[in-house]
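This report describes the fold and packing of one chain. The sequence and structure are shown first, and the text follows.

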Amino acid sequence: MEGITEGVKSMSLGVDTQKKNRIQVSNTKKPLFFYVNLAKRYMQQYTDVELSALGMAIATVVTVAEILKNNGFAVEKKIMTMTVDIKGDSRGRPVQKAKIEITLAKSDKFDELMAAANEEKEAAEAQEQN
């Protein structure tokens, strides 16, 4: 138990270094449109959003970015690719994984599109109640 406590104390949580507008995308945990809608919510709060993914999730993050761009919600600001070392081997050897970071900014039409989407949602809900 003491080993666990000391391990937790020595952990660096990185609260200061973690960006508040970063979404780390996984290809197994959530459906695609979860990330699309989450990115829209982040863009409502911040002017831009950073989508990040490792390995096999890169295809998911690229698809999310393309959906947002093609529907007029976002514009591409920056794309960065790199290789990172991840501790994944049972023997503690680092494994290299591909990583992508895509930064998207709100489009000029973002607020207008979000307002229209909310109006459609409210109209559909009113229709269901009748």
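In strand S4, Ala105 is the bridge partner of Asp48. This pair belongs to the contact between S2 and S4, two antiparallel strands joined by seven bridges. The model is a predicted one, and every value below is computed from it.

**Confidence**

The mean pLDDT of the chain is 82, and 85% of the residues score at least 70. Residues 1–17 have a pLDDT below 50, and this stretch makes zero contacts in the model beyond near neighbours in sequence.

**Overall layout**

The chain contains four helices and four strands. Read from the N terminus, the order of the elements is α-β-α-β-α-β-β-α. Of the 130 residues in the chain, 29% are buried. Taking contacts between residues at least 6 apart in sequence, 68% of them join residues at least 24 apart.

**Strand S2 and its partners**

S2 covers residues 48–54. Six of its seven residues are buried, so the strand is largely enclosed by the rest of the structure. S2 is paired with S4, as described above, and also with S1, to which it runs parallel through four bridges. Across the pairing of S1 with S2, Arg22 stands opposite Glu50. The helix H2 completes this part of the fold: S1, H2 and S2 form a right-handed β-α-β unit.

**Helix H3**

Helix H3 consists of 13 residues, 58–70, and spans 18 Å from the first C-alpha to the last, close to the 18 Å expected at 1.5 Å a residue. Which residues of H3 are buried? They are Thr60, Val61, Val64, Ala65, Ile67 and Leu68. Because these residues cover an arc of only 160° around the axis, they lie on the same side of H3. Ala59 and Asn70, on the other side of the helix, are exposed.

The buried residues of H3 pack against five elements: strand S1 (22–25), helix H2 (32–45), strand S2 (48–54), strand S3 (74–87) and strand S4 (94–106). The three members of the β-α-β unit, S1, H2 and S2, are thus included among the packing partners of H3. After H3 comes Gly72, which has a positive phi near 85°.

**Two buried residues**

Thr60 and Ser107 can be set side by side. Thr60 is found in helix H3, while Ser107 lies in the loop between S4 and helix H4 (110–129). The contacts in the table leave out residues up to four places away in sequence.

| Residue | Relative accessible area | Residues touched |
|---|---|---|
| Thr60 | 16% | Val25, Ser26, Asn27, Leu32 |
| Ser107 | 12% | Gly72, Phe73, Ala74, Val75 |

Why does Thr60 count as buried? Its relative accessible area is 16%, and buried means under 20%. The cut-off also applies to Ser107, which is buried because its value of 12% is under 20%.

The contacts of Thr60 include Val25, which is in S1 (22–25), and Leu32, which is in H2 (32–45). Ser107 touches Gly72, the residue with positive phi that follows H3. Ser107 also touches Ala74 and Val75, which are part of S3 (74–87).

Technical notes. Residues numbered from 1 in each chain as written. Predicted model: local features only at pLDDT ≥ 70, side-chain atom pairs only at ≥ 80, totals over all residues. Heavy atoms only, no water. pLDDT = per-residue confidence, 0-100. Contact = heavy atoms within 4.5 Å. Expected span 1.5 Å × (residues − 1). Buried < 20%, exposed > 50% of the residue type's maximum accessible area, 1.4 Å probe, protein only. Arc of directions from axis to C-beta. Pairing = 2+ DSSP bridges. Right-handed = clockwise from strand over helix to strand, strands pointing away.
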